[in-house]
Amino acid sequence: MSLETLSENRAFGGVQGVYRHASTATGTDMVFAVYLPPAAELGPVPVLWYLSGLTCTHENAMTKAGAQAHAAEAGIALVFPDTSPRGEGVADDEAYDLGKGAGFYVNATEEPWAPHYQMWDYIADELPRVVSINFPVDEEAQGVTGHSMGGHGALTLAMSLPERFRSVSAFAPIANPTRSDWGRKQLGAYLGADESLWLPHDSSLLMAEQGFDGEVLIDQGSEDQFLDKLMPEALAQAMMARRQPGMFRMQPGYDHSYFFVSTFMADHVWWHAERLLD
């Protein structure tokens, strides 16, 4: 569980750090970032996990989402994991949406991905233990959010692990991957041809089957250039059919970029803070 500190910078009265550790789940070194608010100097604070999208590392949201100022004011920590294993010997693909930067938050069972692409176990189990041992966070007050592929991960983790996460939100999630070009390709590659094994990784299907024991916040841009791949209507319909408490907001004029994410980041940080600090 030992960490190597790659950088630490003062930010909004707290500390933004980047760290590396040897992962048992992926069999590689993994890099992640943690923001600790000023309140962490006094004791454990709630933690909000932010899962990033395709092609991203820990750095994209850390530098572009504008979350630290709001987290500092709210008194919650932020964790920014990577999106896949990396390094020599880790399988990759020429396409941007498969392989490195595209782990899809699943445990791969198929070659050549299985030896390292165990991102479900890494995010659900190993990294939380690393964070809880090394940082002053409250293990009983955890929320999760994410963008695009990370929104898919946030929703599937929260609905599958209700005892772990007290709150969940998502920005433009890949909402119906078992029916989408952003999903069928990756789930087939990582999990194999048996589509029944894909079902636990589809947030629309999970929403229809079990939902989330709490409120859900989804923001989606109406001018998102990837709407046909994200399929937000499937998740919205599942939420309505289940009468899931929460909000699904179609934001007029916004696209898929971090300009969209940063615009609504304050809403999401405070959404989680209200539930994690209750």
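**Entry 1: strand β3**

How many of the eight residues of β3 are buried? I opened the predicted model and went through the strand. Seven of the eight are buried, so I noted β3 as mostly covered.

Next I looked up the partners of β3. On one side I found β2, residues 14-22. β2 and β3, residues 29-36, run antiparallel and are joined by eight bridges. I picked out two facing pairs. Gln 16 stands opposite Tyr 35 of β3. Val 18 stands opposite Ala 33 of β3.

I then followed the chain from β2 into β3. The two strands form a hairpin, with six residues between them. Gly 27 sits in that turn, and I read a positive phi of about 70° for it.

β3 also pairs with β5, residues 77-80. This pairing is antiparallel too, over three bridges. Here I met Ala 33 again: it stands opposite Phe 80 in β5.

**Entry 2: the whole sheet**

I wanted the order of the strands. There are nine of them in an open sheet, and I wrote the order down as β1-β2-β3-β5-β4-β6-β7-β8-β9. The pairing is mixed. I reminded myself that strands of a sheet pair through backbone hydrogen bonds, either parallel or antiparallel.

Which strands stand at the edges? I found β1 (4-11) and β9 (246-251) there. Each has a single partner strand, so one side of each is left without a neighbour in the sheet. I also noted the turn between neighbouring strands: it is 20° on average, direction ignored.

**Entry 3: helices on the sheet**

I checked what lies on the strands. Helix α4, residues 149-160, lies across β4 (45-51), β6 (137-146), β7 (167-171) and β8 (216-221). It runs at about 135° to β6.

Helix α9, residues 258-276, also packs on the sheet. I listed its contacts as β4, β6, β7, β8 and β9. Its direction makes about 175° with that of β7.

**Entry 4: the largest pocket**

I looked for open spaces next. The largest pocket has a volume of about 210 Å³. I counted 14 residues in its lining. Which of them lie nearest the centre of the pocket? I wrote down Leu 54, Thr 55, Cys 56, His 147 and His 256. I sorted the lining by class: six residues are nonpolar, seven are polar and one is charged.

**Entry 5: the closed cavity**

I found one cavity of 30 Å³ or more. Its volume is about 40 Å³. The lining is made of Val 47, Trp 49, Pro 128, Val 131, Ser 132, Val 137, Asp 138, Glu 139 and Gln 142.

Which element supplies the largest share of this lining? It is β6, with four residues. I also noted that β4, α3 (119-134) and β6 each supply at least two. By class I got five nonpolar, two polar and two charged residues.

**Entry 6: odd spots in the backbone**

I searched for unusual backbone angles. Two residues other than glycine went into my notes for a positive phi, Ser 148 and Arg 243.

Ser 148 has a phi of about 60°. I located Ser 148 in the loop between β6 and α4. Is Ser 148 buried or exposed? Its relative accessible area is 3%, so it is buried.

Arg 243 has a phi near 60°. I found Arg 243 in the loop between α8 (232-242) and β9. Its relative accessibility is 74%, over the 50% cut-off, so I marked Arg 243 as exposed.

I also looked at a peptide bond. Glu 111 and Pro 112 are joined by a cis bond, with omega about 0°. Pro 112 lies in the loop between β5 and α3.

**Entry 7: Thr 178**

My last stop was Thr 178. I placed it in the loop between β7 and α5 (181-191). Why does Thr 178 count as buried? The relative accessible area of Thr 178 is 11%, which is under 20%, and therefore it is buried.

I then asked which residues Thr 178 touches, not counting those up to four places away in sequence. My list reads Arg 184, Leu 187, Trp 198, Leu 199, Asp 202 and Leu 205.

Definitions and conventions
Residues are numbered from 1 along each chain as its sequence is written. This is a predicted model: local features need pLDDT of at least 70, side-chain atom pairs count only at pLDDT 80 or more; totals for chains, interfaces and linings use all residues. Side-chain values use heavy atoms; hydrogens and water are left out. On a 1 Å grid over the protein atoms alone, a cavity is a set of points where a 1.4 Å probe fits but cannot get out, and a pocket is an open set with protein on both sides within 12 Å along at least five of seven lines; lining residues have an atom within 4 Å of a point. Grid points are joined across faces, edges and corners, and a volume is the space filled by probe spheres set on the points. Ala, Val, Leu, Ile, Met, Phe, Trp, Tyr, Cys and Pro count as nonpolar, Asp, Glu, Lys and Arg as charged, and the others, Gly among them, as polar. Two strands pair if DSSP finds at least two bridges between them. Axes are lines fitted to C-alpha atoms, for helices over the stretch in contact, and angles run from 0 to 180 degrees between N-to-C directions. Contact means heavy atoms within 4.5 Å. Buried means under 20% relative accessible area, exposed over 50%, partly exposed in between (1.4 Å probe, protein chains only).
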